[in-house]
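Open the model in your viewer and keep the selection box at hand. Each stop below says what to pick and what is there.

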Amino acid sequence: MPSPNVNMPLPDRLPSPLISGLALTALAPMQDVTDLFFMNVIASYGSPDYFFTEYFRVHESSTPDKKILRSIIENATHRPIFAQLIGESIPDLVRIAQDLSRYPIAGIDLNMGCPAPRIYRKNVGGGLLRDLEKVDRILGELRSSVAGLLTVKMRIGFENTDNFDALLDLINRHHIDLLSLHGRTVKEMYHGAVHYNLIAHAVQRVNCPVLANGNVTSAHAAAAILAETGAAGVMIGRSAIRNPWIFQQIRQHLSDQPVIRVTLADVRDYIDRLSDTTTSLIVPRRAQVSYMKMYLNYIAQSVDAAGGFLREMRLAQTDTDLYRVCDRYLLSNPDQEFSLEPYPGLVARPSCEAVRELAVKPLVAQ
Ligand SMILES: Cc1cc2nc3c(=O)[nH]c(=O)nc-3n(C[C@H](O)[C@H](O)[C@H](O)COP(=O)(O)O)c2cc1C
């Protein structure tokens with residue numbers, strides 16, 4: 001049975017955006033990144049309309065991860081947060097979705113996009129895109145057992161796009177409230193061009209709003225992608241780590257206001273805020289350096305075109321070394337502009353869900 005208010009005009013079911021009439025923005029869920037602390041930092045620079053939690057793993061013996069739960073219970077961003085689930089066991093997905101619905105969430109989001117082989121081999125995340133019948137059953141059961149909003153985050157296919165239209169039809173069949181679409185296949189991971197033409201196709205085919213996801217790198221890029229796809233909004237992951245001002249900049253750009261200029265000194269301050277959040281995590285000091293490097297990998301893409309900061313921060317072994325490199329690159333010319341777009345050829349590593357492993361590995365030059 002569909003939930004009672006499923007026939008309302010779909011956009012009306014979604015939480016109100018910060019500015020009505022402007023395209024939606026969302027911070028993409030990122031495992032081991034988008035926790036309570038990071039969301040607070042993002043909010044301090046200008047929240048997106050919606051937040052999504054990192055994925056809650058769902059299986060027979062799972063209970064909601066306490067750390068992820070904190071991002072819901074202690075959410076101080078004043079913006080709605082969707083709880084993302086990853087799993088394939090229908091009774092357990094229903095059990096956890098109902099459990100999480102007791103908390104102040106905007107809705108339940110199903111992960112059908114994670115490309116990590118250790119995940120998709122278990123037929124969860126992006127692995128589900130190979131099994132339409134299973135997707136049909138999962139969405140049907142979740143739809144009938146979750147009273148609130150049900151959203152999906154997925155890719156355009158597993159190995160190819162053969163299932164794409166059938167997947168989009170399942171989104172319609174189960175009255176999904178919002179579709180976040182990363183315009184790559186699972187096998188394309190995070191590399192290569194994003195197929196915005198297929199996001200545009202999805203926008204035409206589904207009845208719900210679509211958030212375009214993948215390489216939305218700046219306010220300018222967001223406007224171009226919105227124009228190309230006709231999507232209701234954009235979902236941004238890595239570029240929000242690099243540039244937490246991006247959501248504010250998008251709202252400014254889309255409302256024809258001047259876009260806030262960010263200096264290298266502002267970025268140094270951002271790094272301090274991130275550092276305060278990592279020190280509040282109970283991880284060994286060396287792991288904190290790894291955590292900071294994870295953020296800095298992205299930030300470095302906009303600091304200097306030659307990649308000096310990226311190289312040198314990767315070589316730092318201690319926090320003292322690391323902050324010395326930050327000061328040298330960011331405070332020597334504090335008024336210099338932080339590039340709105342990443343400089344070409346500078347690649348952040350890791351660029352996928354491998355951060356947990358990075359954080360617990362002994363520190364080596366990366
Ligand atoms: C470190 C990292 C962790 C991620 N974890 C998740 C996750 O928990 N759930 C999810 O649906 N996608 C996850 N993703 C994918 C992002 O949500 C997003 O779809 C992808 O990064 C493409 O968007 P971008 O180009 O704006 O980064 C992760 C991506 C990264 C880089």
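Select Ala26. It sits in strand 1 (residues 24–27). Helices (H or I, at least four residues) and strands (E, at least two) are DSSP runs, numbered from the N terminus. Residues are numbered from 1 along each chain as its sequence is written. This is a predicted model: local features need pLDDT of at least 70, side-chain atom pairs count only at pLDDT 80 or more, and totals for chains, interfaces and linings use all residues.

Is Ala26 buried or exposed? Ala26 is buried, because 26 other C-beta atoms lie within 10 Å. The cut-offs: a residue is buried with 20 or more other C-beta atoms within 10 Å of its own, exposed with 12 or fewer, and partly exposed in between, with C-beta atoms placed from the backbone.

Now show what Ala26 touches. Leaving out residues up to four places away in sequence, the list is Pro48, Asp49, Tyr50, Phe52, Ser180, Leu211, Gly233 and Met235. Contact means that two C-beta atoms, placed from the backbone, lie within 7 Å. Pick Tyr50 from that list. Tyr50 is 24 residues from Ala26 in sequence, yet their C-alpha atoms are 4.6 Å apart.

Widen the selection to strand 1. Leu24 and Ala26 are buried on one side, and Thr25 and Leu27 are buried on the other. Both faces of the strand are thus covered. In a regular strand the side chains alternate between the two faces of the sheet.

Add strand 8 (residues 233–236). Four bridges pair it with strand 1 in the parallel sense. Strands pair if DSSP finds at least two bridges between them. Look for Leu27 and its bridge partner in strand 8, Ile236.

**Strand 5**

Select residues 149–155. All seven of the seven residues of strand 5 are buried, so the strand is largely enclosed by the rest of the structure. One side carries Leu149, Thr151, Lys153 and Arg155. The other carries Leu150, Val152 and Met154.

Which strands pair with strand 5? Strand 4 (residues 107–112) runs parallel to strand 5 and is joined to it by six bridges. Strand 6 (residues 178–182) also pairs with strand 5 in the parallel sense, over five bridges. Centre on Thr151. Its bridge partner in strand 4 is Asp109. In strand 6, Thr151 stands opposite Leu178. Then trace the chain from strand 5 through helix 7 (residues 164–173) to strand 6: this β-α-β crossover is right-handed. Right-handed means that, with the strands pointing away from the viewer, the path from the first strand over the helix to the second runs clockwise.

**Two domains**

Colour residues 10–254 and 264–360 separately. These are domain 1 and domain 2 of the domain assignment. Such bounds come from an automatic or database assignment. The domain centres, taken over C-alpha atoms, are 26 Å apart. At the contact, 18 residues of domain 1 meet 20 residues of domain 2. On the domain 1 side, helix 2 (36–46) and helix 10 each supply at least two residues. That side divides into ten nonpolar, five polar and three charged residues. Here Ala, Val, Leu, Ile, Met, Phe, Trp, Tyr, Cys and Pro count as nonpolar, Asp, Glu, Lys and Arg as charged, and the others, Gly among them, as polar.

**The ligand**

Show the ligand. Where does it lie? Both domains give residues to the shell around the ligand, so it lies between them. Of the 25 residues around the ligand, Ala28, Met30, Gln31, Gly237 and Arg238 come nearest. A residue is near if its C-beta atom, placed from the backbone, lies within 6 Å. Strand 2 (51–57) and helix 10 (238–242) each supply at least two residues of the shell. The shell holds ten nonpolar, eleven polar and four charged residues.

**Three loop residues**

Go to Gln301, in the loop between helix 13 (285–299) and helix 14 (308–315). Gln301 counts as buried, with 27 C-beta neighbours inside 10 Å. Among its contacts beyond four places in sequence are Arg242 and Tyr343.

Next, His78, in the loop between helix 3 (66–73) and strand 3 (81–86). His78 is exposed, with 8 C-beta neighbours inside 10 Å. Although not a glycine, His78 has a positive phi of about 65 degrees. Most residues other than glycine have a negative phi.

Finish at Asn215, in the loop between strand 7 (210–213) and helix 9 (219–229). Asn215 also has a positive phi, about 55 degrees. Asn215 is buried, with 20 other C-beta atoms within 10 Å.
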